[in-house]
Amino acid sequence: MVMVSLSVLLGVFSAAAGTWMATAEGNTAELGAAALVLPDAPAGSGGGSGTDLAGGRVPTTSAPQSPTEAPPTTSSAAPTPTETSATPQPTTSAAAPPPSTKATTRVAPSTAAQVITLVNEERANVGCKPLTEESHLTTAAQDYSEQMSAENFFSHTSPDGTTFDQRIKNAGYSKPGAENIAKGQTSAAQVMDAWMNSAGHRANILNCSLTKIGVGVTTKGWYWVQDFGY
(Lines give C-alpha, C1' and ligand atoms only; values in the text may rest on other atoms or scores of the structure.)
Protein backbone atom coordinates (compact mmCIF):
# COMPACT_ATOMS: atom_id res chain seq x y z
CA MET A 1 0.00 0.00 0.00
CA VAL A 2 1.35 3.43 -0.96
CA MET A 3 0.38 6.64 0.80
CA VAL A 4 -0.09 9.87 -1.18
CA SER A 5 -0.94 13.24 0.35
CA LEU A 6 -4.07 14.83 -1.15
CA SER A 7 -4.72 17.74 1.22
CA VAL A 8 -5.86 15.64 4.21
CA LEU A 9 -6.91 12.65 2.10
CA LEU A 10 -5.69 9.07 2.43
CA GLY A 11 -4.60 7.78 -0.98
CA VAL A 12 -4.26 4.20 -2.20
CA PHE A 13 -2.82 3.25 -5.58
CA SER A 14 -4.76 0.58 -7.46
CA ALA A 15 -2.40 -1.34 -9.73
CA ALA A 16 -5.30 -2.93 -11.57
CA ALA A 17 -6.99 0.37 -12.36
CA GLY A 18 -3.75 2.31 -12.80
CA THR A 19 -5.06 5.23 -10.77
CA TRP A 20 -4.50 6.93 -7.45
CA MET A 21 -7.71 7.00 -5.42
CA ALA A 22 -8.44 8.95 -2.26
CA THR A 23 -11.61 9.41 -0.24
CA ALA A 24 -12.80 12.17 2.08
CA GLU A 25 -16.30 12.86 3.35
CA GLY A 26 -17.78 10.39 0.87
CA ASN A 27 -16.18 11.95 -2.22
CA THR A 28 -13.67 10.15 -4.41
CA ALA A 29 -10.68 11.80 -6.07
CA GLU A 30 -8.46 10.05 -8.59
CA LEU A 31 -5.20 10.62 -10.44
CA GLY A 32 -4.29 8.85 -13.66
CA ALA A 33 -0.79 7.32 -13.58
CA ALA A 34 1.71 9.72 -15.15
CA ALA A 35 3.79 9.06 -18.29
CA LEU A 36 6.18 11.04 -20.47
CA VAL A 37 6.97 11.23 -24.18
CA LEU A 38 10.52 12.31 -25.00
CA PRO A 39 10.96 15.01 -27.68
CA ASP A 40 12.26 12.55 -30.32
CA ALA A 41 9.91 9.71 -29.44
CA PRO A 42 7.32 8.67 -32.07
CA ALA A 43 3.68 9.60 -31.64
CA GLY A 44 1.67 7.24 -29.48
CA SER A 45 4.69 5.98 -27.54
CA GLY A 46 3.36 7.29 -24.21
CA GLY A 47 1.83 4.69 -21.90
CA GLY A 48 -1.93 4.36 -22.20
CA SER A 49 -2.26 4.70 -18.45
CA GLY A 50 0.38 7.39 -18.26
CA THR A 51 0.73 11.06 -18.83
CA ASP A 52 0.22 12.00 -22.45
CA LEU A 53 2.38 14.43 -24.42
CA ALA A 54 1.71 17.00 -27.12
CA GLY A 55 3.23 19.94 -28.98
CA GLY A 56 2.10 22.92 -31.02
CA ARG A 57 2.38 26.48 -32.20
CA VAL A 58 2.01 29.62 -30.17
CA PRO A 59 -1.07 31.46 -31.44
CA THR A 60 -0.53 34.89 -32.88
CA THR A 61 -2.47 37.86 -31.67
CA SER A 62 -3.48 40.93 -33.61
CA ALA A 63 -2.02 44.27 -32.60
CA PRO A 64 -4.40 46.43 -30.58
CA GLN A 65 -6.03 49.25 -32.49
CA SER A 66 -5.27 52.83 -31.54
CA PRO A 67 -8.21 54.98 -30.47
CA THR A 68 -9.49 57.42 -33.08
CA GLU A 69 -8.08 60.91 -32.60
CA ALA A 70 -10.59 63.67 -32.03
CA PRO A 71 -10.59 66.42 -34.68
CA PRO A 72 -8.88 69.61 -33.55
CA THR A 73 -11.15 72.42 -32.42
CA THR A 74 -11.06 75.77 -34.15
CA SER A 75 -11.84 79.27 -32.96
CA SER A 76 -11.76 82.71 -34.53
CA ALA A 77 -10.18 84.10 -31.37
CA ALA A 78 -7.17 82.77 -29.53
CA PRO A 79 -8.13 81.25 -26.15
CA THR A 80 -7.12 83.08 -23.03
CA PRO A 81 -4.49 81.47 -20.79
CA THR A 82 -7.26 80.53 -18.35
CA GLU A 83 -9.24 78.77 -21.11
CA THR A 84 -6.16 76.86 -22.27
CA SER A 85 -5.17 75.50 -18.89
CA ALA A 86 -8.49 75.12 -17.13
CA THR A 87 -11.21 74.69 -19.76
CA PRO A 88 -10.30 72.15 -22.47
CA GLN A 89 -12.55 72.30 -25.52
CA PRO A 90 -15.06 69.47 -25.99
CA THR A 91 -14.59 67.08 -28.90
CA THR A 92 -17.10 65.14 -30.98
CA SER A 93 -15.37 61.75 -30.64
CA ALA A 94 -17.04 59.00 -28.60
CA ALA A 95 -16.24 59.39 -24.94
CA ALA A 96 -14.10 56.67 -23.36
CA PRO A 97 -15.35 54.95 -20.18
CA PRO A 98 -14.51 56.96 -17.06
CA PRO A 99 -11.12 56.03 -15.60
CA SER A 100 -12.79 55.12 -12.32
CA THR A 101 -14.87 52.46 -14.11
CA LYS A 102 -11.77 50.80 -15.57
CA ALA A 103 -9.93 50.95 -12.27
CA THR A 104 -12.70 49.23 -10.32
CA THR A 105 -13.54 46.55 -12.89
CA ARG A 106 -11.92 43.26 -11.81
CA VAL A 107 -12.07 39.96 -13.67
CA ALA A 108 -11.40 36.85 -11.59
CA PRO A 109 -8.97 34.41 -13.22
CA SER A 110 -10.54 31.23 -14.56
CA THR A 111 -9.96 27.94 -12.79
CA ALA A 112 -7.67 26.84 -15.63
CA ALA A 113 -5.68 30.06 -15.32
CA GLN A 114 -5.31 29.43 -11.59
CA VAL A 115 -3.83 26.00 -12.32
CA ILE A 116 -1.30 27.51 -14.75
CA THR A 117 -0.30 30.12 -12.17
CA LEU A 118 0.26 27.41 -9.56
CA VAL A 119 2.24 25.30 -12.05
CA ASN A 120 4.56 28.20 -12.83
CA GLU A 121 5.03 28.97 -9.15
CA GLU A 122 6.19 25.39 -8.58
CA ARG A 123 8.50 25.57 -11.61
CA ALA A 124 10.03 28.82 -10.40
CA ASN A 125 10.91 27.12 -7.11
CA VAL A 126 13.17 24.66 -8.94
CA GLY A 127 14.56 27.09 -11.51
CA CYS A 128 12.42 26.10 -14.52
CA LYS A 129 11.12 28.74 -16.92
CA PRO A 130 7.37 29.38 -16.79
CA LEU A 131 5.09 27.54 -19.18
CA THR A 132 3.13 29.58 -21.70
CA GLU A 133 -0.53 28.78 -22.31
CA GLU A 134 -1.02 27.52 -25.88
CA SER A 135 -4.46 27.56 -27.51
CA HIS A 136 -4.21 24.16 -29.27
CA LEU A 137 -3.14 22.46 -26.04
CA THR A 138 -5.97 24.21 -24.21
CA THR A 139 -8.44 22.91 -26.79
CA ALA A 140 -7.10 19.37 -26.51
CA ALA A 141 -7.23 19.46 -22.71
CA GLN A 142 -10.70 21.00 -22.45
CA ASP A 143 -12.20 18.72 -25.09
CA TYR A 144 -10.82 15.66 -23.34
CA SER A 145 -12.05 16.68 -19.89
CA GLU A 146 -15.50 17.14 -21.40
CA GLN A 147 -15.32 13.78 -23.17
CA MET A 148 -14.37 11.91 -20.00
CA SER A 149 -17.22 13.62 -18.16
CA ALA A 150 -19.81 12.94 -20.87
CA GLU A 151 -18.77 9.31 -21.46
CA ASN A 152 -18.03 8.53 -17.79
CA PHE A 153 -14.50 7.13 -18.13
CA PHE A 154 -11.11 8.05 -16.69
CA SER A 155 -8.00 7.17 -18.67
CA HIS A 156 -5.28 8.72 -20.82
CA THR A 157 -6.57 6.62 -23.72
CA SER A 158 -10.07 7.36 -25.00
CA PRO A 159 -12.57 4.52 -25.63
CA ASP A 160 -11.81 4.59 -29.36
CA GLY A 161 -8.11 3.99 -28.66
CA THR A 162 -6.87 7.54 -29.25
CA THR A 163 -3.85 8.35 -27.07
CA PHE A 164 -3.03 11.69 -25.53
CA ASP A 165 -0.28 12.59 -27.99
CA GLN A 166 -2.59 11.80 -30.90
CA ARG A 167 -5.32 14.01 -29.42
CA ILE A 168 -2.87 16.87 -29.01
CA LYS A 169 -1.63 16.57 -32.59
CA ASN A 170 -5.22 16.32 -33.84
CA ALA A 171 -5.89 19.61 -32.05
CA GLY A 172 -3.08 21.24 -34.04
CA TYR A 173 -0.01 20.99 -31.78
CA SER A 174 2.90 19.11 -33.35
CA LYS A 175 5.22 18.50 -30.38
CA PRO A 176 3.33 16.64 -27.63
CA GLY A 177 5.13 16.42 -24.32
CA ALA A 178 3.07 15.09 -21.40
CA GLU A 179 -0.37 14.85 -19.85
CA ASN A 180 -1.69 14.80 -16.28
CA ILE A 181 -5.31 13.93 -15.49
CA ALA A 182 -7.29 13.94 -12.27
CA LYS A 183 -10.88 13.47 -11.13
CA GLY A 184 -12.87 14.64 -8.13
CA GLN A 185 -10.84 17.60 -6.86
CA THR A 186 -13.00 20.71 -6.66
CA SER A 187 -10.45 23.52 -6.87
CA ALA A 188 -7.19 24.43 -8.57
CA ALA A 189 -5.38 24.23 -5.22
CA GLN A 190 -6.71 20.74 -4.49
CA VAL A 191 -5.80 19.26 -7.85
CA MET A 192 -2.33 20.83 -7.80
CA ASP A 193 -1.75 19.46 -4.30
CA ALA A 194 -2.68 15.99 -5.56
CA TRP A 195 -0.44 16.20 -8.63
CA MET A 196 2.53 17.60 -6.69
CA ASN A 197 2.27 14.72 -4.20
CA SER A 198 2.44 12.11 -6.97
CA ALA A 199 5.95 11.47 -8.28
CA GLY A 200 5.03 11.02 -11.95
CA HIS A 201 2.70 14.01 -12.16
CA ARG A 202 5.15 16.18 -10.24
CA ALA A 203 7.91 15.19 -12.69
CA ASN A 204 5.80 16.40 -15.62
CA ILE A 205 5.01 19.72 -13.93
CA LEU A 206 8.68 20.30 -13.08
CA ASN A 207 10.09 19.13 -16.43
CA CYS A 208 12.20 22.10 -17.52
CA SER A 209 12.26 20.82 -21.13
CA LEU A 210 8.54 21.49 -21.55
CA THR A 211 7.57 25.00 -22.67
CA LYS A 212 3.79 25.08 -23.31
CA ILE A 213 0.65 24.11 -21.42
CA GLY A 214 -3.09 23.87 -21.85
CA VAL A 215 -5.52 23.11 -19.01
CA GLY A 216 -9.07 21.80 -19.20
CA VAL A 217 -11.61 21.30 -16.43
CA THR A 218 -15.22 20.10 -16.47
CA THR A 219 -17.15 20.55 -13.24
CA LYS A 220 -19.62 17.71 -13.89
CA GLY A 221 -17.65 15.03 -12.09
CA TRP A 222 -14.66 17.39 -11.83
CA TYR A 223 -12.40 16.08 -14.58
CA TRP A 224 -9.03 17.82 -14.93
CA VAL A 225 -6.51 17.66 -17.78
CA GLN A 226 -3.07 19.23 -18.15
CA ASP A 227 -1.55 18.91 -21.63
CA PHE A 228 2.10 19.89 -22.05
CA GLY A 229 4.18 20.57 -25.17
CA TYR A 230 7.80 21.04 -26.17
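This briefing walks through a few parts of the structure: its cores, a helix, two strand pairings, a disulfide and some loop residues. Keep in mind that this is a predicted model. The largest nonpolar core has 23 residues, and a search of the whole structure turns up 1 disulfide. Strand E9 pairs in the antiparallel sense with E7 and also with E8.

**The cores**

- In the largest nonpolar core, with its 23 residues, Val 115, Trp 195 and Ile 205 have the most contacts inside it.
- Helix H3 (111-125), E7, H6, E8 and E9 each put at least two residues into this core.
- H6 gives the most to this core, at 6 residues.
- A second core, separate from that one, has 8 residues, including Met 148, Phe 153, Phe 154 and Ile 181.
- If you click on Ile 205 and skip residues up to four places away in sequence, the residues it touches include Val 119, Glu 122 and Arg 123, along with Asn 180, Met 192, Trp 195 and Met 196.
- Gln 226 and Phe 228 are also among the residues that Ile 205 touches.

**Helix H3**

- H3 has 15 residues and reaches 22 Å from its first C-alpha to its last, close to the 21 Å expected at 1.5 Å a residue.
- Its buried residues are Ala 112, Val 115, Ile 116, Val 119, Asn 120 and Arg 123.
- Those buried residues sit on the same side of H3, because they cover an arc of only 130 degrees around the axis.
- Some background for that pattern: an α-helix has 3.6 residues a turn, so residues three or four places apart point the same way.
- Flip to the face of H3 turned away from the buried side and you'll find the exposed residues Ala 124 and Asn 125.
- The cover over the buried residues of H3 includes strand E6 (132-133), H6, helix H7 (199-205), E8 and E9.
- Just after H3 comes Gly 127, with a positive phi of about 85 degrees.

**Strands E7, E8 and E9**

- E9 is largely enclosed by the rest of the structure, because 7 of its 7 residues are buried.
- Tyr 223, Val 225, Asp 227 and Gly 229 point one way from E9, while Trp 224, Gln 226 and Phe 228 point the other way; all of them are buried.
- Strand E7 (residues 176-183) is also largely enclosed by the rest of the structure, since 7 of its 8 residues are buried.
- E7 and E9 are antiparallel and pair over 7 bridges.
- Across that pairing, Ile 181 stands opposite Val 225 in E9, and Pro 176 stands opposite Gly 229 in E9.
- E8 and E9 likewise pair in the antiparallel sense, over 7 bridges, and Val 217 has Trp 224 in E9 as its bridge partner.
- The hairpin of E8 and E9 has 4 residues between the strands, and Gly 221 in this hairpin takes a positive phi near 95 degrees.

**The disulfide**

- Cys 128 and Cys 208 form a disulfide, with their sulfur atoms 1.8 Å apart.
- This pair links distant parts of the chain, with the two positions 80 residues apart: Cys 128 is in the loop between H3 and E6, and Cys 208 is in the loop between H7 and E8.
- The disulfide is left-handed, because the torsion about the S-S bond of Cys 128 and Cys 208 is about -75 degrees.
- Cys 128 is buried, because its relative accessible area is 7% and the cut-off for buried is under 20%.
- Cys 208, on the other hand, is partly exposed, with a relative accessible area of 46%.

**Loop residues with positive phi, and Ala 189**

- Asn 152 has a phi near 55 degrees, a positive value in a residue other than glycine.
- You'll find Asn 152 in the loop between helix H4 (135-151) and helix H5 (164-170), and its 63% relative accessibility makes it exposed.
- Trp 222 isn't a glycine either, yet its phi is positive at about 55 degrees.
- Trp 222 sits in the loop between strand E8 (212-218) and strand E9 (223-229), and at 24% relative accessibility it counts as partly exposed.
- Ala 189 is in helix H6 (residues 188-196) and counts as exposed, at 52% relative accessibility.
- The C-alpha atoms of Ala 189 and Val 115 are separated by 7.5 Å, though the two residues are 74 residues apart along the chain.

Note on methods. Residues numbered from 1 in each chain as written. Predicted model: local features only at pLDDT ≥ 70, side-chain atom pairs only at ≥ 80, totals over all residues. Heavy atoms only, no water. Buried < 20%, exposed > 50% of the residue type's maximum accessible area, 1.4 Å probe, protein only. Pairing = 2+ DSSP bridges. Core = buried A, V, L, I, M, F, W, Y, C linked by side-chain atoms within 4.5 Å. Contact = heavy atoms within 4.5 Å. Expected span 1.5 Å × (residues − 1). Arc of directions from axis to C-beta. Disulfide = S-S within 2.5 Å.
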